[in-house]
Amino acid sequence: MIRSVVCGYGAALPKRVLSNRELEDIVETSDEWIVQRTGIRQRYIADDDETTASLGEQAARAALANAGLTPDDIDLIVLATSTPNNTFPATAVEIQNRLGMKHGYAFDMQAVCTGFVYAMATADLHLRGGMAKRALVIGAETFSRILDWQDRTTCVLFGDGAGALVLEAREEEGTVADRGILAAQLRSDGSHREKLYVDGGPSTTGTVGHLRMEGREVFKHAVGMITDVIEGVFTATGTTADDLDWLVPHQANRRIIDGSAKKLGIPIEKVVVTVDMHGNTSAASIPLALSVACDDGRIKKGDLVMLEAMGGGFTWGALLVRW
Ligand code: ACO
């Protein structure tokens with residue numbers, strides 16, 4: 001059967017680092033409070049000349065170089081983002097243009113922090129359905145642009161960045177020993193809207209709006225939702241936590257990551273954590289974490305890797321891939 005196999009990865013971060021100490025000058029907070037409650041030590045913040053499209057393009061070019069491919073080899077771009085450059089056209093199409101591509105097709109996917117899992121699952125269907133042969137799946141965000149910088153309960157949590165993978169349709173055996181995406185579970189429930197949303201938009205206020213969150217409420221649901229979809233993927237593939245080489249979670253909060261791993265019986269040594277360096281970069285956090293763990297040699301060809309995320313909507317999902 002056809003599987004969507006990862007053949008390249010890349011990442012991009014803004015030039016400017018914002019430490020917890022610097023945040024102490026902006027809102028009433030402390031490095032100690034932020035580290036203790038979230039595990040975040042710093043985040044990257046886009047300058048005026050850095051956008052979701054420019055960061056996404058940079059990550060895409062890095063992933064193509066890593067795969068030994070050029071934009072000519074790609075026929076699909078799926079960009080997960082909640083912070084597009086414009087309401088339309090899709091930022092994916094802008095990235096396609098920046099890459100000099102006149103062929104193929106590109107679109108944005110909006111599932112907030114779960115965006116990258118949704119985008120991977122969607123690209124997988126396009127590749128397995130024969131619509132495309134090679135896809136760039138990108139997660140890129142500039143959440144700094146939708147933060148209320150006077151609200152200490154949210155502005156300390158998020159950061160900007162981008163990551164990308166190249167997926168290629170390849171013939172495999174049809175077993176869990178195959179390389180490529182093996183299974184995914186996606187969920188959403190709009191009744192949780194008020195717990196995490198942006199208070200603006202084209203059809204309501206005509207403005208971009210700011211992120212609003214009831215952090216404690218999000219926290220209460222996160223671990224249960226994440227473990228639920230991961231267990232669903234284990235059941236669908238006949239695998240268990242013991243089979244996993246790596247869990248690469250959405251990087252929202254160290255306590256959510258630790259709580260989910262503990263509930264699933266996954267030792268923390270098998271969990272890739274980058275929230276300390278990047279903060280919560282929403283749809284970019286998983287590909288950024290993947291890039292770090294591939295660069296330092298932790299994730300290797302043949303490893304069984306579980307991706308998971310939960311975010312605004314609520315949306316949540318998990319995806320199992322053999323590297
Ligand atoms: N600095 C100092 N004090 C703060 C800050 C801050 N930045 N923010 C809040 N506080 C204060 C609060 O005002 C409150 O003070 P009070 O007791 O005098 O009223 C106190 O700290 C405790 O506030 P809580 O909200 O109860 O703190 P909590 O322990 O729940 O931690 C946090 C807050 C970190 C937001 C936590 O609830 C959380 O991680 N929630 C998950 C939300 C999340 O990660 N969302 C990301 C987006 S969704 C996703 O990606 C999954």
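Q: How many aromatic pairs does the structure hold?
A: In this predicted model, there are two aromatic pairs.

Q: Why is the pair of Y105 and F107 called stacked?
A: Planes under 30 degrees apart count as stacked. The ring planes of Y105 and F107 stand at 20 degrees, with the centres 6.5 Å apart, so this pair is stacked.

Q: What makes Y105 count as partly exposed?
A: Partly exposed lies between the cut-offs of 20% and 50% relative accessible area. Y105 has 25% relative accessibility, so the label fits. F107, with a relative accessible area of 21%, is partly exposed too.

Q: How do you know that F143 and F158 are stacked?
A: Their rings are 5.3 Å centre to centre, with 25 degrees between the planes, and the cut-off for stacked is under 30 degrees. F143 and F158 are both buried.

Q: What makes the pair of F143 and F158 a link between distant parts of the chain?
A: The two residues are 15 residues apart: F143 sits in the loop between β6 (134-142) and α6 (152-155), and F158 in the loop between α6 and β7 (160-171).

Q: Why are β1 and β5 said to stand at the edges of the sheet?
A: The open sheet has five strands in the order β1-β7-β6-β4-β5. β1 (2-12) and β5 (105-109) each have a single partner strand, so one side of each has no neighbour in the sheet.

Q: How do β4 and β5 pair, and over how many bridges?
A: Strand β4 (residues 76-80) pairs with β5 in the parallel sense over five bridges. I77 has A106 in β5 as its bridge partner.

Definitions and conventions:
Residues numbered from 1 in each chain as written. Predicted model: local features only at pLDDT ≥ 70, side-chain atom pairs only at ≥ 80, totals over all residues. Heavy atoms only, no water. Phe/Tyr/Trp six-rings, centres within 6.5 Å; stacked < 30°, edge-to-face > 60°. Buried < 20%, exposed > 50% of the residue type's maximum accessible area, 1.4 Å probe, protein only. Helix = DSSP H or I, 4+ residues; strand = E, 2+ residues; numbered from the N terminus. Pairing = 2+ DSSP bridges.
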